[in-house]
Amino acid sequence: MGEIGEFSLVTRTFLRAYRWRRIDPVPWAPLGKPLSDCRLALVSSAGFVTPDQSAFDGSARGGDPSFRSIPSDFPVADLIDTHRSDSFDHEGMARDPNLAFPIDRVRELVASGRIQSVGEQHISFMGSITAPGRLVRDTAPEIARSLLEQQVDVALLVPV
Amino acid sequence: MCNQAVSLVAAELERQGIATVAIQLLRDVAERVRPPRALFVPFRHGYPLDVPSQPARQHAVIEAALRLLEILERKPPVLVDLELPSR
């Protein structure tokens, strides 16, 4: 069960005092066509990179707001976990990165016809962002631009 | 923090016309941050799609998330609890 009690005392104390951002108003993009006609992209905050990409920066104050584009045909077993948080168990996604970045699963959804296609690239970033100003102002619009250029209709977002 | 981060990205994607669904591991954080469409899953951090190397279990979570994209007549935010089959 995902709950704050999973975390260390220091982390729990921080989380209880933390002022969460509130999305207001809540935007809503209705799905204009059947999923079987849609192109999907994944957005994972599990901090995965490919071997030729730089790792996420665990020392960045307030969190590293950068993102990496991961080719959607990249072999999932070759992804590298660079998420620097020790607040969760990394073992499951080390065994199978699909657990937090389900590249193989969405490829299977294309094969079964549940969705039409996946974008050329999925999006990876590292979610330990306590000061999300740059994430909201810069990174999220850049991710949106990238997905729109790839004619992506829907996104599945996976935290870790 | 991951829950909030993906929710904030989801909101921007929705503003730009991309329909989103965000998995969420902390229900109270999802209620406060309010991603447009969210599937709360009762799994621990690090395990958002339930179990490693078990495609059927991972697909069950993904399918529940995709069904939220097909909701047409709801007022956002939509927050739905994953219903697990008995195991």
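Helices (H or I, at least four residues) and strands (E, at least two) are here DSSP runs, numbered from the N terminus. The model is a predicted one, in which local features need pLDDT of at least 70 and side-chain atom pairs count only at pLDDT 80 or more, while totals for chains, interfaces and linings use all residues. Residues are numbered from 1 along each chain as its sequence is written, and chains are lettered from A and ligands numbered from 1 in the order in which they are written.

**Exercise 1. Describe the make-up and the overall dimensions of chain B, and then those of chain A.**

Step 1: elements. Chain B holds 3 helices and 3 strands, and from the N terminus on their order is α-β-α-β-α-β. Chain A holds 4 helices and 7 strands, in the order α-β-β-β-β-α-α-β-β-α-β from the N terminus on.

Step 2: dimensions. The radius of gyration is taken over C-alpha atoms, and the globule rule is 2.2 Å times the number of residues to the power 0.38. For the 87 residues of chain B a compact globule would have a value near 12 Å, and the 13 Å of chain B agrees with this. For the 160 residues of chain A the rule gives a value near 15 Å, with which the 16 Å of chain A agrees.

Step 3: burial. A residue is buried if 20 or more other C-beta atoms, placed from the backbone, lie within 10 Å of its own, exposed if 12 or fewer, and partly exposed in between. By this count 56% of the 87 residues of chain B are buried, and 40% of the 160 residues of chain A.

**Exercise 2. Trace the strand partners of β1(A), and find where a strand of chain B joins in.**

Step 1: the strand itself. β1(A) is largely enclosed by the rest of the structure, because 5 of its 6 residues are buried.

Step 2: its partners. Two strands pair if DSSP finds at least two bridges between them. β1(A) runs parallel to β5(A) (residues 117–118), with 2 bridges, and Arg39(A) has Ser117(A) as its bridge partner there. A parallel pairing over 2 bridges links β1(A) with β6(A), where Val43(A) is matched by Ile123(A). With β7(A) the pairing is again parallel, over 5 bridges, and Ser44(A) has Val158(A) as its partner.

Step 3: across the chains. β7(A) also pairs in the parallel sense with β1(B) (residues 19–24), over 4 bridges, and Ala155(A) stands opposite Thr20(B).

**Exercise 3. Work out what α4(A) gives to the interface and how this helix is built.**

Step 1: the interface. Two residues are in contact if their C-beta atoms, placed from the backbone, lie within 7 Å, and by this rule 53 residues of chain A touch 53 residues of chain B. On the side of chain A that touches chain B, α2 (91–95), α4 (133–149) and β7 (154–158) of chain A each supply at least two residues, and α4(A) gives the most, with 8 residues.

Step 2: the helix. α4(A) has 17 residues and reaches 24 Å from its first C-alpha to its last, close to the 24 Å expected (1.5 Å times one less than its number of residues).

Step 3: its buried residues. Among those buried in α4(A) are Leu135(A), Thr139(A), Ile143(A) and Leu147(A). The buried residues of this helix pack against β1, β3, β6 and β7 of chain A together with α1 (2–15) of chain B.
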